[in-house]
Amino acid sequence: MTVATEEEKQPEKTLAEKETLAKKVALFYRVFSGSVLFGRKGTILWDSWEMWIMQIFITPPAEMAFFFLLAIAVYHDLTQAQFTVIGNAVQSMSFAAVFAVANITSQDKWQGTLQTLIVTPANRMALFIGRAMFQIFMSALITAAAFIYADFVFGINFAHANYLALGIAIVLTSVMMISFGLLISSIGLFMRTAMIVANIFLFLTMLVSGVNFPVQALPLWLQPVGWAIPMTYGVLAARGAIMGASVLSLGTILLKELIDGITVLFVGYFLMKGFERLARKSGRLEEY
Amino acid sequence: MVLSAKNFVADPQFVIPCIIAPFIFTMVSLFFIVSSSSNNVGASALLAAVLGGGLMGVWGTTVYGSANSIGFDRWNGTMEATLAAPSPLIWIVLGRVLWNTFIGVINGFIVLGIGMTWFRVGVGLLNPGLFVLATILTYVSMSSFGLMLSTVYVLSRKGGFIENSMEIPVYIATGTSFAVALLPFYALPISFIIGPTWGIEAIKRAAVGTAYAYGPLLPTGYWTDIAFMLVATLAYFALSFILFQRVETIAKKNGTIEEY
């Protein structure tokens, strides 16, 4: 193995220093856009006709029906049941936004492409966010479909709904939940698979994010977990938008969601860097 | 069955995802019940919810584990060797299914333990003897259902689609957490042809004593439930034997065994 001397390293350093901001942005964009394209092509597990059918036509209405009927059985109250329908309509995006994204690194391990990705000098942030972009589209699509079920199957009244606010809430929550998925995905670098953690967080939002009952009904120690997940704010915003709240009046909730999502993204990014270092040290990159 | 047990001990992680959904669903049920205490929902409702969660756990591992018993063979490249073995495939799969369903029963006990400690659910069973009998028979019935399901995996690599799609609908259709009578009328026939629906009803009757599922739709009793379940279970086993012979031949003819 050849070790570079200080003299040999020097010119590289100077070259890096000379790299302008514009060049860095262009490079970031190139990696990002390539990653977006690969993100769809590489997700063979998720991008198949049966997964589309399952994610859009089966799981969302089934989940909504389960909690709708459960609420009817316990509360004997349609309003309470419809409360769960809206929550679960937003939550239905989890399969794409959390589960699929969380499994990106695990999928690379299965396909044997993780090592190749890790050795590239490409910007990690551009690489990993780019690969999750396809799932933003999927998440928003699934949630939109779920709201159609909410209207036609579960009788949610959209007469006063502010569709602009609802649309913004759906798209913002999709983007912010992707950051949450990426955070979990980072674990997959070090562990054999992120599947277990992904499964936990796929369903955990049903319990802690105000999907089926207000976060305040949780034990005090569990409430911070709910408020740390962007979906909690997304559910609140969606409920408000259906009742007619404007984008402006939902501003505080949406802003909180944005801040929370960005924080989660950066925590995920640093976790990913940390886990990458750990995995390299312990030689666990190829374990699956 | 022993091999499945060894595989589970060596790598238990794949079973864990199958029990998370039932666990979370039960927690939500319990929060619902606790928050609606003003509606006089009593200890029996809490116990029914915990039992429902346990049964969802058994379903979860049955649906996923049974279907995956063949799926893993495809994934690991051992499918050809399994099919080439002199033992009939159905006996190999049956052993795996029995083990997977057994893991689900353990999950049921975990849910019960959490319910007892967190929500102080009492375990005062109305008729423990009948409860144990119904539980064992439902376990067998679910296994027979899982066995039938696993034939799809022999034929196609798309079996995962079916297992993923079936999980929640099967919880709904079999009345694990609420009365089947709440379902739309057109969905009831599906519910009634699934053997474990009757078993779940019998378990709840033995545990909390009330005619829980069907309400005025079908005025059945414990033994009627058991009889309906046994008929369905026998039908599943018979169908599985026929299907396994057919699908094995078709898969060999089509050369799709190694596809994954």
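This is a quick walk through one helix, one helix pair and one chain contact.

Okay, so first: this is a predicted model, where local features need pLDDT of at least 70, side-chain atom pairs count only at pLDDT 80 or more, and totals for chains, interfaces and linings use all residues. Residues are numbered from 1 along each chain as its sequence is written, and chains are lettered from A and ligands numbered from 1 in the order in which they are written.

Let's start with H6 of chain A, residues 104-111 (helices are DSSP runs of H or I, at least four residues, numbered from the N terminus). Of its 8 residues, 6 are buried, meaning 20 or more other C-beta atoms, placed from the backbone, lie within 10 Å of their own. Among them are Ile104(A) and Lys109(A). Right after H6(A) comes Gly112(A), with a positive phi near 75°.

Next, H4(A), residues 78-91, packs with H12(A), residues 230-242, at about 130°, axes 9 Å apart. The axes are lines fitted to C-alpha atoms over the stretch in contact, and angles run from 0 to 180 degrees between N-to-C directions. So H4(A) and H12(A) are oblique to each other, that is, outside under 35 (roughly parallel), over 145 (roughly antiparallel) and 65 to 115 degrees (roughly perpendicular). On the H4(A) side, the contact includes Ile86(A) and Val90(A); contact here is C-beta atoms, placed from the backbone, within 7 Å.

Finally, the two chains: 28 residues of chain B meet 27 of chain A. On chain B's side, H2(B) gives the most, with 12 residues.

Note on methods
Buried ≥ 20, exposed ≤ 12 C-beta atoms within 10 Å, placed from the backbone. Helix = DSSP H or I, 4+ residues; strand = E, 2+ residues; numbered from the N terminus.
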